[in-house]
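Here is a short tour of the chain in front of you, arranged by topic so you can follow along in your viewer. Have the sequence open beside the model as you read.

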Amino acid sequence: MRTGLAFAGFGVALCCVGVAGLGAWNLQTVRGAAGPVRETADGFLREVTAGDTAGAYERLCADARGRWSPIGFTSWVRTPPVVSDYEITDVSVATEGGRPRGTVTVRLTRDGGVSEERRLPVVREGDDWRVCGDPF
């Protein structure tokens, strides 16, 4: 009876340690990703506002590049009113299906001064972070 209780106690303790370790790993992954997610969005938007559509296109995920050709993306970005400035207002990172995924909230200012809030999804592809989806 004592042996059974000892094994049960050991099993419960092992589960608690495992859950705590998984939680710590998840927190570390999410916290460590916020900087690279912000840098990815900032680089993408900096290239868009500078008119460097080729550079911005290279920051898109494979799925978005599959939907947009380089020429189509350039035409889309250069369609008036074009983005003339931006401000990143929030960065959030969460895990979805065990994979980190970021959302960057940004206030875009277009020619003429009209501004709007948008959310840029940012995903991990290999070792890189990429903007994924239609950013605006």
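Let's begin with Thr40, a residue of helix 1, which spans residues 2-50. Please keep in mind that this is a predicted model. Overall, the chain contains four helices and four strands, and along the sequence they follow the pattern α-α-α-α-β-β-β-β.

**Thr40 and its surroundings**

- Is Thr40 buried or exposed? With a relative accessible area of 8%, Thr40 counts as buried, because the cut-off for buried is under 20%.
- A polar atom of the Thr40 side chain lies 2.9 Å from the backbone oxygen of Pro36.
- Leaving aside residues up to four places away in sequence, Thr40 touches Arg59, Val122, Trp129, Arg130 and Val131.
- One of these contacts, Arg130, is itself buried, with a relative accessible area of 19%.

**The strands and their hairpins**

- Strand 1 covers residues 83-96 and strand 2 covers residues 99-110; the two pair in the antiparallel sense over 12 bridges.
- To find this pairing in your viewer, look for Asp90, whose bridge partner in strand 2 is Thr105.
- Strands 1 and 2 make a hairpin with two residues between them. In its turn, Gly97 has a positive phi of about 65 degrees.
- Strand 2 also pairs with strand 3 (residues 115-125), again in the antiparallel sense, over nine bridges.
- Here a handy landmark is Arg101, which has Val123 in strand 3 as its bridge partner.
- Strands 2 and 3 form a hairpin too, with four residues between them. Gly112 sits in that turn and has a positive phi of about 95 degrees.

**The disulfide**

- How many disulfides does the chain have? The count comes to one.
- The disulfide joins Cys61 to Cys132, with an S to S distance of 2.0 Å.
- The pair links distant parts of the chain, 71 residues apart. Cys61 belongs to the loop between helix 2 (53-58) and helix 3 (62-67), while Cys132 belongs to the segment after strand 4 (128-131).
- The link of Cys61 and Cys132 is right-handed, with 60 degrees about the S-S bond.
- Are the two cysteines buried or exposed? Cys61 is buried, at 0% relative accessibility, and Cys132 also counts as buried, at 12%.

**Salt bridges**

- The count of salt bridges comes to eight.
- In one of them, Asp42 meets Arg46, with their closest N and O atoms 2.8 Å apart. Asp42 and Arg46 are four residues apart in helix 1, so about one helical turn separates them.
- Both partners of that bridge are partly exposed: Asp42 has a relative accessible area of 24%, and Arg46 has one of 44%.
- Asp63 and Arg67 form another salt bridge through their side chains, at 2.6 Å from N to O. Why are they about one helical turn apart? Because they are four residues apart in helix 3.
- Asp63 is partly exposed, at a relative accessible area of 46%, and Arg67 is likewise partly exposed, at 43%.
- Arg130, met above as a contact of Thr40, forms a salt bridge with Asp128, the closest N and O atoms being 3.7 Å apart. While Arg130 is buried at 19%, Asp128 is partly exposed at 41%.
- Salt bridges that share partners also join Arg110, Glu116 and Arg118 into one network.

**The chain as a whole**

- The chain has 136 residues, and 32% of them count as buried.
- Among contacts between residues at least 6 apart in sequence, 50% join residues at least 24 apart.
- The chain exposes about 8200 Å², and carbon and sulfur atoms supply 56% of that area.

Terms used:
Residues numbered from 1 in each chain as written. Predicted model: local features only at pLDDT ≥ 70, side-chain atom pairs only at ≥ 80, totals over all residues. Heavy atoms only, no water. Pairing = 2+ DSSP bridges. Buried < 20%, exposed > 50% of the residue type's maximum accessible area, 1.4 Å probe, protein only. Polar contact = N/O pair within 3.5 Å; in protein donor to acceptor, adjacent residues only side chain to side chain. Contact = heavy atoms within 4.5 Å. Disulfide = S-S within 2.5 Å. Salt bridge = Lys/Arg side-chain N within 4 Å of Asp/Glu carboxyl O. Areas by Shrake-Rupley, 256 points an atom, 1.4 Å probe, with all protein chains shown as cover.
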